[in-house]
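Visitor: Got a minute to walk through this one with me? I'd like to start with a strand pairing.

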Amino acid sequence: MAKTGRIDWRQLIRYGLLAGVAALYVSVIGMVEVFSQRSLITGVLTLGQLLLFSAPVLAGYLAVYKDDESQTAAFSLLKGVITGLFSSLPLIALVLLANAVNLRAMFVNVSPALIDILVFGQGTAVGVLLLLLSGAIWGTLGVIIHLLPDKTRHVVLVGLSWTLGAGMLSELLIQVFRPLFGSGFIRFVFQGGALKLWASIVVFILVTLLDWYWSKRREEVKTKMANLNPTQRRAGMGVGLLILLILPWILGTYLSEVLDNVGLFILMGLGLNIAVGLAGLLDLGYVATFAIGAYVMGLFTSTSSLGVGELNFWIVLPISILAAMTAGFLLALPVLHMRGDYLAITTLGFGEIIRILALSDWLSPIIGGAQGILAIPKPQIGSFVFRGPQEIYYLILAGCILAIFVSSRLNNSRTGRQWMAMREDEDVAAAMGIDTTKSKVLAFTLSAASGGLAGAIFASKLGTIFPHSFNLLISINVLSLIIVGGMGSLPGVVVGAFALVALPELLREFAEYRLLLYGALLIVMMLARPEGLWPSAVRRRELKGTEEEEIEGGEGAPVAVTAD
Amino acid sequence: MREKFFERFSWVSLVLNSFRIIVIILIVVGAFNTLQGGKYTTSQWVSLSVSGLAQGSIYALIALGYTLVYGILLMINFAHGEVFMAGAFTAVFVAEAFKESGFLDSSPLLAVTILILVAAVVSTVVAVILERVAYRPLRGAPRLVPLITAIGASFFLQYTFRGLYGSGFKSYPEVAAVQGTWHIAGNDIPIVQIVVFVAAILLMVALYWLVERTKVGKAMRAVSENKEVAALMGIDIDQIIVMTFAIGGALAGAAGVINGLYRPQGVSFTMGFFPGIKAFTAAVLGGIGNIPGAMLGGLFLGVFESIGPNLILEGLGIPAANQLKDAIAFTMLVLVLIFRPQGILGERLTEKKA
Amino acid sequence: MAEDLLVARKVTKRFGGLVAVRELDFTIPKGSIVSIIGPNGAGKTTFFNCITGFYSIDEGDLIFDGHRLNGRPSYQIARYGISRTFQNIRLFENMTVIENIMVGQEPRLTSSWIGAILGTPHTRAEEEQAEKKAREMLQFVGLQGKGDWLAKNLPYGEQRRLEIARALASDPKLLLLDEPTAGMNPRETAETTRFIQRLRDELGITILLIEHDMRVVMGISERVTVLDYGEKIAEGTPAEIQTNPRVIEAYLGRGAAASANIEVSA
């Protein structure tokens, strides 16, 4: 077929303007300005710029995504330019408007600093031209990425994402590398909490080389891994465990604290995963179990006037878990016959009732009201006190290992199958002989256990608890992480917790936009990848199976990932 | 085995029934004690009820959005509270400008009408975008999926508006025309409560007319009866669904401004959560999917919430009962869902389909 | 005559004002294949749902193998030994084929969640046994090698067979099949018919069948019951049914297609 070129203006304008509106959105809500404070490559690129420019790149990529081979490269590039130009229009409008009227009276984040970023610090007239130019460049870049041969594109994208990732996490890397390589090295590679330009190029080259090497050796390594004998396997696990054990002392106090928080969320995620991921019961009041665990721990161990008994942590720990399980059990009874959406809102109601009661003056003589419970002692074994985040880490690690063990046993058992069957089709599950009443009650009860455990550890880790710590956002946080990780998948919970808890803590710029991103993630995951980042093993095996088949089946057909 | 089953079955219902009985006893004892104590005069009860009615009519307006969408898509638009917030939060800026220019005080009726229109437009736009982006692609997906999207959308909207307008609290300016009280049948009733109530009722009547008398309303009812048949009759289902979201959104936006008249304070990005959840309670109370039900449910919830803490909780000797106001609404939601999930006006649902 | 496995006495089921099943008397002898036919909306599937506890019946009695089924929950009825398939296939779509069949074995499994966490010998042995049996069942219905597929990714015909495999996994005494050949071509239909026959002959399972395809019904059933508007209008051997004037009228009254169907098989 002869090479032709045809420009579908409507489509290009649509993609361009959509990208422009996205860029406008992140600018107006203040993300660009805040993220500009995080430099990725010193003096070259900030996170804010990356955010701003990724929209036209994506638009350029999409604009030619559906084109077939018949398009000439020149035409494709032209399309990129056009799309990019249009993507700049909304931002230009913003700049002009901000100069004309005081937008800030309403849109608090349209600050002079933001406008300055948008015009590249060059004033309005030059800035507008620069915006157009940059739009065209980034749109074209998107097209170029699309035009690259598949393998090259893969390598380039992997290299880029690792480089940008390294730039983003520079502060973390600095903290880890300083004790290992000394300050000289740090000054050599990093500047102002970001990679130096030459260092980022080195990272890019290294990663692409490694990726290329990996793609050659992948199969070999995989078969080797699969053929390890049990002793080697055990040795590998031993090494893994050892690393986990010394981790807090490598990472230092601050990062251990982050790790502790991740661990608590992993614990809660594992619990909620039973109800939501396996049994399909959307529990939005999970924070209630966390609160109950924490309050029981607080009440029975506190040395303050509210304390009852001043018992030992280890005695109260099982009581906390049992109390949470009892709450889960009682909560299950009324919702037994409710449909999914009613169940979600009822459980949400339970969570809120618990919080409101904890805050009330009515119960404050018992549980402290808004003042909470103070003076909760740290746990102790013999003379070893779990004082700081580095020590508490072991407690949380033990909890997580226990919870993972229990969850994986349940996952692969008759009980797990009953839950899944119930999730898939409750009526049929009953017709197959599953007592769905019992299964639901069991799911809620067991699911509450690790929430209670997390709460108990949380209480003694902080030493004080307030009702405000137990709001709906915790439930949403836990729900988001299991959905992002992959419902029903245990590694997914861990991946999800790191992605949704550790990342925002490490990148403090994210803090303000954390819930915005969670919300967006929930929507995007449901629309695009309902199985999560790390789907459960069965799911993955299956997805792979269908892909391979399609490759065999349709000659030259585009390799579509069918997740249905 | 046979005995085992009966043990368990009766056990669950035993717990639930004793729960029901305890709740009834608590309500009766609480109310009896309070009335016996004579702490409140009749006119105090009346004024509590009237302010409850005003609040309830606002709940009802929001509840209609839940009910309309549920009637057609059988899904709960969890983010509806945020649709309400969007309108209320945006219109507050316009209201401030009106106040500054003196327009609000010189011609309050026109000013408030414009405010309502602004809020309704903003909320409608948000609701329609929400439908297009977050719900439409997931029609026919398992129930859990759109529900999770809705939760995501709810947070996305909250924090979008926080990014747009900031995290501080704003308040609606005072409208001089609705300050003061009217003396009706021996009671002093704040004018603002009457205005709120009347405005809400007018909107509901308008909606009722729209649904019952217009072509669009007829199409909406047809779609909610049976989508396939409606489509065969030449009704554009997508368009009707968009209309439904738009109408629900407009009502929620209007409710945002009316709410601002009644409770000027506390306008912020989180303001949608409690009204949203309470309006949902109201919708469930009246039988979700049922339009007059949502109206009645809203009014009932408003009144109950207003007199409940004083009437029942104080009688039980609970201090600072008004702190538990929000818990009352949730408790009511839970109770209704357990014992009468079809709501006050809802028809008894047929047995589960095979 | 063999003893009756299932006895229905004056079973009535109403939905609001509509009587879906009216005073139905019905028996299934042990070891037989019995069919229920009738026009759409005659109450056949409703009757199935009454037997399996999806609906509770309003009047009458259902006795199965010495157990009274009235008001019993579905899972209990399944444990008595009644198993079913569905008119519109209802598999656990996001579970694997093997897992589907293992869920089908539920009534015979005894391990608990505590056993699962502790990994007790009993639990392990039972799980191993269950998986082994499930693999055998896979072989029996000709789905070998597809155990790790997700149920929803099987082609239509195999989904039907998986549904039957799942129903068989509990070693039921009575198997209810709701239009097992719906959507099949003549060759598949013939295969399925033979398969149903084998279930009875080799495994000794009593079978109750709802079917539209008269060739299937007339070919394998020992007795046919005809429902119309929820009432039994005829009962007898296939030959008797074909000549019953009320049956012909019921079908003719609803259009020529159905009547043609009767004639073809006659």
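Visitor: How many bridges join β4 to β5 in chain C?
Guide: This is a predicted model, and in it 2 bridges join β4(C), residues 59–64, to β5(C). The two strands run antiparallel.

Visitor: And which residue of β5(C) is the bridge partner of C:I63?
Guide: That's C:R68.

Visitor: OK, what's the strand order in the whole sheet?
Guide: The order is β2-β1-β4-β5 in chain C, 4 strands in an open sheet with antiparallel pairing.

Visitor: Which strands stand at the edges?
Guide: β2 (18–29) and β5 (67–68) of chain C. Each has a single partner strand, so one side of each is left without a neighbour in the sheet.

Visitor: Switching to cysteines. How many disulfides over all chains?
Guide: The structure holds 0.

Visitor: Is C:C50 buried or exposed?
Guide: C:C50 has a relative accessible area of 4%, so C:C50 is buried, the cut-off being under 20%. A:C400 counts as buried too, at 8% relative accessibility.

Visitor: Now helices. At what angle do α2 and α12 of chain B cross?
Guide: Roughly 145°, and their axes come within 6 Å. α2(B) covers residues 42–73 and α12(B) residues 291–313. The crossing is right-handed.

Visitor: What's in that contact, by class?
Guide: 16 nonpolar, 10 polar and 1 charged residues.

Visitor: Last one: how is chain A divided?
Guide: Into domain 1 (1–147), domain 2 (151–213) and domain 3 (248–482). The C-alpha centres of domain 1 and domain 3 of chain A lie 45 Å apart.

How values were computed
Residues are numbered from 1 along each chain as its sequence is written. Chains are lettered from A and ligands numbered from 1 in the order in which they are written. This is a predicted model: local features need pLDDT of at least 70, side-chain atom pairs count only at pLDDT 80 or more; totals for chains, interfaces and linings use all residues. Side-chain values use heavy atoms; hydrogens and water are left out. A disulfide is a pair of cysteine sulfur atoms within 2.5 Å. Buried means under 20% relative accessible area, exposed over 50%, partly exposed in between (1.4 Å probe, protein chains only). Axes are lines fitted to C-alpha atoms, for helices over the stretch in contact, and angles run from 0 to 180 degrees between N-to-C directions. A crossing is left-handed if the near helix is turned anticlockwise from the far one by less than a right angle, and right-handed if clockwise. Ala, Val, Leu, Ile, Met, Phe, Trp, Tyr, Cys and Pro count as nonpolar, Asp, Glu, Lys and Arg as charged, and the others, Gly among them, as polar. Domain bounds come from an automatic or database domain assignment. Two strands pair if DSSP finds at least two bridges between them.
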